[in-house]
Amino acid sequence: MEQKKKSKVAVYALAGGGVVILLLLLVLFVTLVAKSMGGMGSVTLMAQWLDGQTLSLDLETPPPPENGDSIEAGKAIFEMRCIACHGIKGDGKGKRANELKTRPADFTSGFFKWKSTLDPAPTNLDLFKVIGRGLHGTAMLPWPALRPAETWQVVYYIKTLSDLFEENQPKPVNISGPTRSIPSSILLGKKVYEKAKCYECHGFEGRGDGQKAGKLKDYKGLPIKPRNFIEETLKRGNELDEIYLTIATGLNGTPMAAYSKTLSEDEMISLAYYIRSIARKPAGQGMISAAMHMTPDEQMGMMIDHVMKPNVLRPNLNK
Ligand code: HEC
Ligand code: HEC
């Protein structure tokens, strides 16, 4: 009897010890991830981002000069943080690229999607925005761990990877303000959605199921899906200006065309209001809920950026 009791106690003690060890491991894991992201503040930012919120950018801190030293510094950051996906040459052929549904951008190709210009080249600010805010739903997570100066430096480096960029910054399109009330903008936007045949790809209700949706390819011949506005978070986020820029300048290298030649500014801003009104909104339900609703690519991004970190731990791995 005594013996049995003793062994039971021993089993409980062992199990208790196991739980304590597991908890310790969990704390260690969270601490490591938090450290990699740049502190608990960044963890909160990441949770907000996973929830679909648009992160604010530090545009107050003046950018460093765009010179050889900055480019050199940007190259070092790129090789530490970005090559697992974008590849050492920046051609999108990083070691983990094939594990992603949406492939990493190829900076040597001359195709940039997320820009404010009709020119094929984005502005410095366009690149800064993508790095600071990430692209929702994809493995391109935001980088709160980078200081603004570091983000600018890596922007300058990316620009050296193709001959797209000239000395002068390309001109951003004009973003016009609303000319009527929000409800009447939404109403007009719904009409423009039909007139411009957005439904052919995005579907009548915006669920990404239009008649052309299944057959689309990007410039590399890879299949690409139109956004499902209802169920997916907009990659660029829900801010009106960002939606407007997608409509006005298109997503270069994809079937998503630029509409600024065919639609008026008024029609485009109304469309942006309409898309925002039907787009999936952040749930605002905190860190755990955000973590549970990650897309597979976002999960891979978290693994690569903050858990595996092959190049941070072993800097010479991919050289
Ligand atoms: C875990 C994988 C991953 C890592 C690491 C990563 N990216 Fe990305 N990146 C992507 C993917 C995927 C896309 C394409 C998303 C899309 O456009 O749909 C992308 C797109 C981009 C774009 C947008 C280009 C365009 O088409 O306009 C920029 C700029 C960029 N990444 C910069 C960086 C920088 C700088 C780093 C390092 C600080 C980095 N990325 C690290 C996966 C990654
Ligand atoms: C020929 C097919 C096609 C048509 C027509 C089309 N789109 Fe798209 N659209 C796409 C594809 C494909 C994507 C996804 C691109 C990506 O994720 O890289 C997209 C993405 C978008 C996005 C999402 C950007 C983000 O941040 O995720 C918006 C907004 C959008 N389209 C608006 C429109 C509007 C408004 C119209 C009509 C004026 C329209 N599209 C017409 C194919 C199309």
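**View 1. K101, an exposed residue in a loop.** K101 is exposed, because just 12 other C-beta atoms sit within 10 Å. Here a residue is buried if 20 or more other C-beta atoms lie within 10 Å of its own, exposed if 12 or fewer, and partly exposed in between, with C-beta atoms placed from the backbone. This is a predicted model, where local features need pLDDT of at least 70 and side-chain atom pairs count only at pLDDT 80 or more, while totals for chains, interfaces and linings use all residues. Residues are numbered from 1 along each chain as its sequence is written, and chains are lettered from A and ligands numbered from 1 in the order in which they are written. K101 belongs to the loop between α4 (83-86) and α5 (124-133). Helices are DSSP runs of H or I with at least four residues, strands are runs of E with at least two, and both are numbered from the N terminus. Setting aside neighbours within four places in sequence, K101 is in contact with P296 and D297; contact means that the C-beta atoms, placed from the backbone, lie within 7 Å. From K101 to A139 is 38 residues in sequence and 8.9 Å in space, C-alpha to C-alpha.

**View 2. E298, a buried residue of α12.** E298 is part of helix α12 (residues 296-308). Is E298 buried or exposed? E298 counts as buried, because 24 C-beta neighbours lie inside 10 Å. Not counting residues up to four places away in sequence, E298 touches L50, G137 and A139. K115 is 183 residues from E298 in sequence and 22 Å from E298 in space, C-alpha to C-alpha.

**View 3. Helix α5, mostly covered.** Eight of the ten residues of α5 are buried. They are D126, L127, F128, K129, V130, I131, G132 and R133. The buried residues of α5 pack against α6. Just after α5 comes G134, with a positive phi of about 65°.

**View 4. Where α3 crosses α6.** The axes of helix α3 (residues 68-81) and helix α6 (residues 148-159) come within 7 Å and cross at roughly 95°. Axes are lines fitted to C-alpha atoms, for helices over the stretch in contact, and angles run from 0 to 180 degrees between N-to-C directions. So α3 and α6 are roughly perpendicular to each other, a label for angles of 65 to 115 degrees (under 35 is roughly parallel, over 145 roughly antiparallel, the rest oblique). On the α3 side, the contact is made by S70, I71, A73, G74, K75, I77 and F78. On the α6 side, E150, Q153, V154, Y156 and Y157 take part.

**View 5. Helix α7 and its buried face.** The 14 residues of α7 (residues 182-195) should span 20 Å at 1.5 Å a residue, and the end C-alpha atoms are indeed 20 Å apart; the expected span is 1.5 Å times one less than the number of residues. Which residues of α7 are buried? They are S185, G189, V192 and Y193. Seen down the axis, these buried residues fall within an arc of 105°, so they line one face of the helix; the arc is that of the directions from the helix axis to the C-beta atoms. The buried residues of α7 pack against α8 (199-202) and α10 (265-278). Over on the other side of α7, P183, E194 and K195 are exposed. Just after α7, K197 takes a positive phi of about 60°.

Technical notes:
Two residues are in contact if their C-beta atoms, placed from the backbone, lie within 7 Å.
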